[in-house]
Amino acid sequence: MVNLRGDMWGTFAGAVGTTQGARLGAVYTSGDAAVIDLGELNSICFTEPTFCSSGFTVSLWLKRKTLYFNKVTQKQVILTIDGRVTFKLYQKFGRTEEHLAVRISVLSRLCVRIFSVPRNLWSQFVFVWDTTDVNVYRSGEKVVEFLEGGYCSNEPDGGALQLEPVVSLKGDAEFDDLQIWNRALTPNEIGEKFSCIRGNTTPF
């Protein structure tokens, strides 16, 4: 886990551990009680969004299970970043398709996007906040078809605002190479990043 520098050590609870990842080692969480808190995030965007005029980017490799009951999905939170900006990656309740949803709240702007994702398969995801909307990339390619139920709104979110942002990993999932930038990466940078990762090098 890189680019998550802070003054506090992370903590964990429940069924968590290490495993073989998409690149090297990874961490996993298993079950509702499992959580890995990575401590406070050293990010100007998540601490003071008025200084985040260049957007931000969240990138990670992820492999997760889908929770079903009576042939519909159950709600499952995968990754959260809670600060004055909030980011949530999760599985929605009551759907029939394999999917993930991303929810980002920045000041008075709130966006939710839902997209198809196969389960039990490592994929690299890049979420780029461009100050008005979220762009989603999977394994170097931009997602252009979203599932119904997503939206962007200028209504205030009204959620709890935490001054010191905290990153948490949850759900039934495996996580590798989580990175956060205080700017929106370009499509060329994202494509180059995925190509270099496959070749086990680092472009930037």
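## A tour by way of the cysteines, the core and a loop

Start by selecting C111: with a relative accessibility of 0%, C111 counts as buried (buried is under 20% relative accessible area, exposed over 50%, partly exposed in between, using a 1.4 Å probe and protein chains only). Before you go on, note that this is a predicted model, in which local features need pLDDT of at least 70 and side-chain atom pairs count only at pLDDT 80 or more, while totals for chains, interfaces and linings use all residues. Residues are numbered from 1 along each chain as its sequence is written, and side-chain values use heavy atoms, with hydrogens and water left out.

**Stop 1: the partner of C111**

Now add C152. The two residues form a disulfide with their sulfur atoms 2.0 Å apart (the cut-off for a disulfide is a pair of cysteine sulfur atoms within 2.5 Å). Check where the two ends sit: C111 is in strand β9 (residues 109-116) and C152 is in strand β13 (residues 151-153), so the pair ties together parts that are 41 residues apart in sequence. Strands here are DSSP runs of E, at least two residues, and helices are runs of H or I, at least four, numbered from the N terminus. Measure the torsion about the S-S bond and you should get about 115°, so this disulfide is right-handed. Unlike buried C111, C152 counts as partly exposed, at 25% relative accessibility.

**Stop 2: the other disulfide**

The structure holds two disulfides, so hop over to C45 and C52. Their sulfur atoms are 2.1 Å apart, and this link is right-handed too, with 85° about the S-S bond. How buried or exposed are C45 and C52? C45 is buried at 0% relative accessible area, and C52 is buried at 9%. Counting bonded cysteines along the chain, the pattern is 1-2, 3-4.

**Stop 3: the nonpolar core**

Next, pick F46, F56, F87, L89, F115 and F127. These have the most contacts inside the largest nonpolar core, which has 35 residues. Such a core is a set of buried Ala, Val, Leu, Ile, Met, Phe, Trp, Tyr and Cys residues joined through side-chain atoms within 4.5 Å. Zoom in on F46: leaving out residues up to four places away in sequence, the residues it touches include L41, F56, V58, I81, F87, P165 and I180 (contact means heavy atoms within 4.5 Å). A second, separate core has six residues, among them V128, Y137, W181 and I190.

**Stop 4: the loop between β10 and β11**

Select D130, in the loop between β10 (123-129) and β11 (134-138). What does its side chain reach? One of its partners is the backbone nitrogen of T132, at 3.0 Å; the backbone nitrogen of D133 lies 2.8 Å from a polar atom of the D130 side chain. D130 itself is partly exposed, with a relative accessible area of 32%. Draw a C-alpha distance from D130 to T57 and you get 8.7 Å, although the two are 73 residues apart along the chain.

T131 is in this loop as well. Look at its backbone: phi is positive, about 90°, although T131 is not a glycine. T131 counts as partly exposed, at 37% relative accessibility.

**Stop 5: D177**

Finish in strand β15 (residues 173-181), where D177 is found. D177 also has a positive phi, about 55°, and is not a glycine. At 10% relative accessibility, D177 counts as buried. Show the side chains of D177 and Q179 to see the polar contact of 3.2 Å that joins them. A polar contact is a pair of N or O atoms within 3.5 Å; within protein, one must be able to donate a hydrogen and the other to accept it, and residues adjacent in sequence count only if both atoms are side-chain atoms.
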